[in-house]
Amino acid sequence: MVEKHGLSDVVFNIFNYAFFIIFTLLCVFPFYYLFINTISDQGLVAKGLISFYPRGINIKNYIALRNVHDLGTAFIVTLARTVIGTITSTICSGFVGYLVTKQEMWHRKIAYRFMIITMYFNAGLIPWFTTMQMLGLTNNFLGYIIPGLVSVYNIIMVKTYIESIPAELEESASIDGASYFTIFVKIIWPLSKPILATIAIWCAVGHWNAFQDSLILMSGAPQLKTLQERLWIYLNSSSNLAASMSTSTTGLTEAQRQELLNTKTIQYTVAMVTALPILCVYPFMQKYFVKGIMLGAVKG
């Protein structure tokens, strides 16, 4: 059956598609611009002549980054933090979100409202740091993981989603003698994959881009600094990074060395290396993200 469209529908569709195409290009272009500048001739980049396509293609900047010793360590720390933090936070937020849906939970309403209150009130940076210090989470890798185990917003999303699942599924399992934990693992968890995948994306992006906790908590443990903080340091002092990379420029003339170690290109390259991993993961989770957001927002 062919659906007929009036003139107004055709005009609307044209403007609608045009708007979203332009919006998509505006979102993608900054990353494209960043990338073409990292693989173009450094002299042209320094003069601002690279705009829409690369010129003088090379990958010297990416190869030279291997000589910066602390970038590799920071990458491993950030990767470990992202993987461990995402898994633990998703599991904990999912299970707590399931528990607060149980009417028989001891003082459920009080506990749930208390969690909601924490979204509106914050003690501030200094009390937070003091608390982390008393708990022994400064200069400690666990300082990246434990504070983010449970997110109130994620709990709300999981709770809302689980309440949309037919209660009969849990009741039948309860009649067969299944415990809450068994019901959660074998019934609720598989049915909640869309919202859990959505939470996993939020957690992964949050951990990967985290900066403040590394800056404040790990001041005495440089080996635990994250990639984002290293990026911030290099963006503010590209000359130091250029000096670290200079070992790969031996045998070149001074002009060639200065061309290779252009600070603007170094900044672009480090930013691209930092952003690329999470950009590669996100598209594979996009379908779960959209589905989880829509289904999790049906009920309040």
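Colleague: Let's start with K225: does this residue count as buried or exposed?
Modeller: Keep in mind that this is a predicted model. The relative accessibility of K225 comes to 10%. The cut-off for burial is under 20%, so K225 counts as buried.

Colleague: Which residue forms a salt bridge with K225?
Modeller: Side chains of opposite charge can pair when their charged atoms come close. For K225, the closest N and O atoms of the pair are 3.1 Å apart, and the partner is E229.

Colleague: And what is the relative accessible area of E229?
Modeller: E229 is the salt-bridge partner of K225. E229 is buried as well as K225, and its relative accessible area is 3%.

Colleague: How many salt bridges does the count come to?
Modeller: The pair of E229 and K225 is one of them. K159 and E163 also meet through their side chains, at 2.8 Å from N to O. Another pair is D213 with R81, and the count comes to three.

Colleague: Take K159 and E163: which of the two is partly exposed?
Modeller: K159 has a relative accessible area of 9%, so it is buried. The other side of the bridge has 28%, which lies between the cut-offs of 20% and 50%. The partly exposed one is therefore E163.

Colleague: How many residues apart in sequence are the parts that D213 and R81 tie together?
Modeller: The side chains of D213 and R81 meet at 2.4 Å, N to O. D213 sits in helix α12 (residues 212-217) and R81 in helix α4 (residues 69-99), so the parts tied together are separated in sequence by 132 residues.

Colleague: Are D213 and R81 buried or exposed?
Modeller: D213 has a relative accessible area of 12%. R81 comes in at 3%. Both values are under 20%, so D213 and R81 are buried.

Colleague: Stepping back, how many helices are there in the protein?
Modeller: Strands are easy to tally here, with zero in the protein. Buried residues make up 36% of its 300 residues. As for helices, the number is 16.

Colleague: Which helices each supply at least two residues of the largest nonpolar core?
Modeller: That core has 15 residues, and those touching the most other members are Y98, V158, I162, I183, I187, I188 and I195. The helices that each supply at least two of the core's residues are α8 (152-162), α10 (180-191) and α11 (193-209).

Colleague: Leaving out residues up to four places away in sequence, which residues does I162 touch?
Modeller: I162 is one of the core residues with the most contacts to other members. With residues up to four places away in sequence left out, it touches G97, Y98, T101, E170, I188 and S192.

Colleague: On which side of α5 do R108, Y112 and M115 lie, the same or opposite?
Modeller: R108, Y112 and M115 are the buried residues of helix α5 (residues 108-117). The arc they cover around the axis is only 60 degrees, so they all lie on one side, the same.

Colleague: Which exposed residues does the face of α5 turned away from its buried side carry?
Modeller: The buried side belongs to R108, Y112 and M115. Turned away from it are the exposed residues K109, I110, R113 and F114.

Colleague: What is the phi of H107, roughly?
Modeller: H107 is in the loop between α4 and α5, and at 43% relative accessibility it counts as partly exposed. H107 is not a glycine, yet its phi is positive, near 50 degrees.

Colleague: Where is the place of N139?
Modeller: N139 also has a positive phi, about 55 degrees, although it is not a glycine. At 37% relative accessibility, N139 counts as partly exposed. Its place is in the loop between α6 (125-134) and α7 (142-145).

Colleague: One last thing: what is the area of the nonpolar surface patch with F15 in it?
Modeller: F15 lies in helix α1 (residues 7-38) and is exposed, with a relative accessible area of 61%. It shares the patch with L7, V10, V11 and I14, and the patch area is about 520 Å².

Technical notes
Residues numbered from 1 in each chain as written. Predicted model: local features only at pLDDT ≥ 70, side-chain atom pairs only at ≥ 80, totals over all residues. Heavy atoms only, no water. Helix = DSSP H or I, 4+ residues; strand = E, 2+ residues; numbered from the N terminus. Buried < 20%, exposed > 50% of the residue type's maximum accessible area, 1.4 Å probe, protein only. Patch = residues over 30% accessible without salt bridge, like charges linked within 9 Å, V, L, I, M, F, W, Y side chains within 5 Å. Areas by Shrake-Rupley, 256 points an atom, 1.4 Å probe, with all protein chains shown as cover. Salt bridge = Lys/Arg side-chain N within 4 Å of Asp/Glu carboxyl O. Core = buried A, V, L, I, M, F, W, Y, C linked by side-chain atoms within 4.5 Å. Contact = heavy atoms within 4.5 Å. Arc of directions from axis to C-beta.
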